[in-house]
Amino acid sequence: MMLHWLWPQEVYSVSSDVIKPALLTKAVLPDPLSVDLDQYDVVSLTDALRGFLQELPVPIIPAAVYSELVYTAQ
C-alpha cells in the first residue's frame, strides 16, 4: 500500500458512502492480508478502522491512563 500525504480534512471528513467501510470490514475479517487497501479511499479506511476500534470489548487506552494522557497533552 502506498502512503499518500493526507490533509486533515480528508481524514476527518464525513463519509458519504456507508457501504464501502462495511464491505472493507467484511473483507478484512477472514483474511486481512488478502485485501488490497489501495482500492479504498481514505474516508472509507478511517471509517472502517473507527468502527473496528469502537467494537472492541476493551478500550485500547484504559480509563485509568486516559486522564493522564489528557493532562500530559495540555
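Which side chains meet in a salt bridge? In this predicted model, the partners are aspartate 47 and arginine 50, with 2.3 Å from N to O. The structure holds one salt bridge, and this pair is a good place to begin looking around. Side chains of opposite charge can pair when their charged atoms come close.

Where the two residues sit along the chain helps to make sense of the pair. Both belong to helix α3, and because they are three residues apart there, about one helical turn separates aspartate 47 from arginine 50. Their surroundings can be described as well. Aspartate 47 has a relative accessible area of 13%, so this residue counts as buried, the cut-off being under 20%. Arginine 50, at 44%, is partly exposed.

Helix α3 also has a neighbour to meet. Helix α3 spans residues 42-54, and helix α2 spans residues 19-28; their axes come within 8 Å and cross at roughly 60°. That angle is why α2 is described as oblique to α3. The crossing of α2 past α3 is right-handed.

The contact between the two helices can be followed residue by residue. From α2 come Lys20, Pro21, Leu24 and Thr25, which meet Ser44, Leu45, Asp47 and Ala48 of α3. Sorted by class, this contact has four nonpolar, two polar and two charged residues. A familiar name appears on the α3 side: Asp47 takes part in the contact with α2, and aspartate 47 is also the salt-bridge partner of arginine 50.

How values were computed:
Residues are numbered from 1 along each chain as its sequence is written. This is a predicted model: local features need pLDDT of at least 70, side-chain atom pairs count only at pLDDT 80 or more; totals for chains, interfaces and linings use all residues. Side-chain values use heavy atoms; hydrogens and water are left out. Axes are lines fitted to C-alpha atoms, for helices over the stretch in contact, and angles run from 0 to 180 degrees between N-to-C directions. Helices (H or I, at least four residues) and strands (E, at least two) are DSSP runs, numbered from the N terminus. Angles under 35 degrees count as roughly parallel, over 145 as roughly antiparallel, 65 to 115 as roughly perpendicular and the rest as oblique. A crossing is left-handed if the near helix is turned anticlockwise from the far one by less than a right angle, and right-handed if clockwise. Contact means heavy atoms within 4.5 Å. Ala, Val, Leu, Ile, Met, Phe, Trp, Tyr, Cys and Pro count as nonpolar, Asp, Glu, Lys and Arg as charged, and the others, Gly among them, as polar. A salt bridge is a side-chain nitrogen of Lys or Arg within 4 Å of a carboxyl oxygen of Asp or Glu. Buried means under 20% relative accessible area, exposed over 50%, partly exposed in between (1.4 Å probe, protein chains only).
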